[in-house]
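User: Could you walk me through one part of this model up close, and then show me how it fits with the rest? Keep it informal, please.

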Amino acid sequence: MLVTSATKLISVGLPSCLTRDFRRLKSSSTLFLIHCSSSPSFFMDSQQSKKVVVCGGGVIGVCTAYFLSKKGATVTLIEKSSIACAASGKAGGFLALDWCDGGALSSLARASFNLHRLLSDEFDGPQSYGYRPLTTLNLSVTESSSSSSPSYRSPGPKLPSWVDGPAKSPRTIGTTETTAQVHPQLFTKTLLKKAVEDYGLEVVIGKLEEVEVAEGRARVVILEGGRMIEADAVVLALGPWTSKLSLLSSIFRVSGLKAHSIVLEPKDPDAITPHALFLSYYPAQSGKPMDPEVYPRPTGEVYICGMSAEGEVADDPEEILPVPESIRVLKRVASNVSSNLKEEEATVKAEQACFLPCTDDGVPVIGEIPGVKGCFVATGHGCWGILNGPATGAAVAELVLDAHSSIVDITPFSPSRFALIRKL
């Protein structure tokens with residue numbers, strides 16, 4: 001049964017451009033050949049009439065819905081609150097080509113890093129959502145116990161000019177060829193806007209209650225209030241809320257890792273160079289080191305994150321609030337990194353927290369649900385959701401419409417691995 005009540009479309013408007021000039025990436029070294037608009041056969045060769053419902057308005061759900069709609073499916077995206085309202089809007093947006101090498105994520109991460117580059121070329125990423133390559137450093141920072149405020153000095157020869165706090169031992173861990181960044185919320189909304197305007201994607205604000213299964217196949221998505229949407233296929237991209245759906249929690253578990261962040265706007269944003277910082281940070285009052293991260297953005301803001309711990313995921317994304325002490329620590333980190341980031345020199349634009357979706361084995365879950373034809377899942381990307389969103393979305397689109405993924409092998413991520421463990 002299909003209820004034909006009016007669909008509520010959300011606003012996905014974006015600024016026509018950011019206020020600063022961004023450097024475009026110019027590189028001929030692409031390890032994966034992934035075609036975008038230049039390869040219509042990749043996207044437009046599937047059934048034009050296949051109706052797909054994607055549940056989840058974060059980066060994984062939006063990327064999946066984008067590639068499905070571009071490939072010719074009729075797509076409805078269901079989101080409970082608002083697009084990119086949780087981790088996809090509060091993440092750092094850091095991208096790395098080879099940091100997942102040696103593990104299950106290697107091929108997915110490499111494919112997705114290069115797909116980010118191609119999407120940026122297609123959508124003018126530097127202007128649309130702050131895409132840029134950047135140098136990434138590891139630094140050691142030790143708080144001084146003799147003073148309540150850090151002493152600032154001229155940076156060493158290997159440090160960025162704005163890092164004038166008690167930092168030492170700089171080490172380059174990423175170059176402009178291997179690390180980059182996006183503004184995650186703007187990236188997610190850019191893809192959604194494109195899918196709505198060019199491919200007829202429908203966005204519905206509503207809470208998923210149940211996926212109705214008949215004769216071993218997903219048939220209907222039921223929303224709170226009783227609305228029912230028929231589908232030929234359903235994709236569940238629910239992030240840390242995955243385990244709240246019994247259809248999935250009966251097979252595997254996704255927990256939530258609560259991560260805190262602040263966004264600062266320095267008085268002199270032009271002084272902040274494009275260097276991402278991964279810190280080994282030693283607090284004055286504790287011998288236990290922390291590992292906060294600092295990401296200057298082309299928007300003129302500086303994003304700082306850390307202070308993560310497992311926690312109970314709230315039902316409503318809008319109810320996820322930061323722990324005040326964690327925010328205080330991040331502000332202290334900021335002031336010890338740079339005089340440009342201390343409270344007197346920077347405006348606090350956001351104090352926030354989000355939950356990263358994590359699986360028990362640390363590997364995402366991507367594939368068709370065992371025993372339920374036409375029902376697919378894409379979740380559990382942890383801290384690499386923004387990086388791996390494009391390749392995950394493209395792979396799931398192929399899986400749904402073509403019954404296999406050619407862009408990257410997603411076999412290691414199949415949810416059937418948990419069914420096998422239970423049998424053993």
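Analyst: The expected span of a helix is 1.5 Å times one less than its number of residues, a helix being a DSSP run (H or I) of at least four residues, numbered from the N terminus, as strands (E, at least two) are. Let's try that on helix 6, residues 184-199: its 16 residues should span 22 Å, and because the end C-alpha atoms are 22 Å apart, the two figures agree. Quick caveat: this is a predicted model, where local features need pLDDT of at least 70 and side-chain atom pairs pLDDT 80 or more, while totals for chains, interfaces and linings use all residues. Residues are numbered from 1 along each chain as its sequence is written, and side-chain values use heavy atoms, without hydrogens or water.

Back to helix 6. Its buried residues (under 20% relative accessible area with a 1.4 Å probe, protein chains only; exposed is over 50%, partly exposed in between) are Pro184, Leu186, Phe187, Thr188, Thr190, Leu191, Leu192 and Ala195. Right after the helix comes glycine 200, with a positive phi of about 75°.

Helix 8 (residues 324-337) passes the ruler test too: 14 residues should give 20 Å, and its end C-alpha atoms sit 20 Å apart, so the numbers agree. Its buried residues are Ser326, Ile327, Val329, Leu330, Val333, Ala334, Ser335, Asn336 and Val337. They pack against strand 5 (135-142), strand 13 (254-266), strand 14 (275-282), strand 16 (302-311) and strand 17 (346-359). Have a look at serine 326: it counts as buried because its relative accessibility is 9%. Leaving aside residues up to four places away in sequence, serine 326 touches His260 and Met307, contact meaning heavy atoms within 4.5 Å.

For a helix-on-helix case, go to helix 2 (residues 59-70) and helix 4 (residues 106-123), which pack at about 65° with their axes 15 Å apart. Helix 2 brings Tyr66, Phe67 and Lys70 to the contact, and helix 4 brings Leu115, Leu119, Glu122 and Phe123. By class, that makes five nonpolar residues, two charged and no polar ones.

Zooming out, the protein chain has 10 helices and 19 strands, and 56% of its 424 residues are buried. Of the contacts between residues at least 6 apart in sequence, 76% join residues at least 24 apart. The accessible surface comes to about 17,700 Å², with 50% of it belonging to carbon and sulfur atoms (Shrake-Rupley method, 1.4 Å probe).

Note on methods: Axes are lines fitted to C-alpha atoms, for helices over the stretch in contact, and angles run from 0 to 180 degrees between N-to-C directions. Ala, Val, Leu, Ile, Met, Phe, Trp, Tyr, Cys and Pro count as nonpolar, Asp, Glu, Lys and Arg as charged, and the others, Gly among them, as polar.
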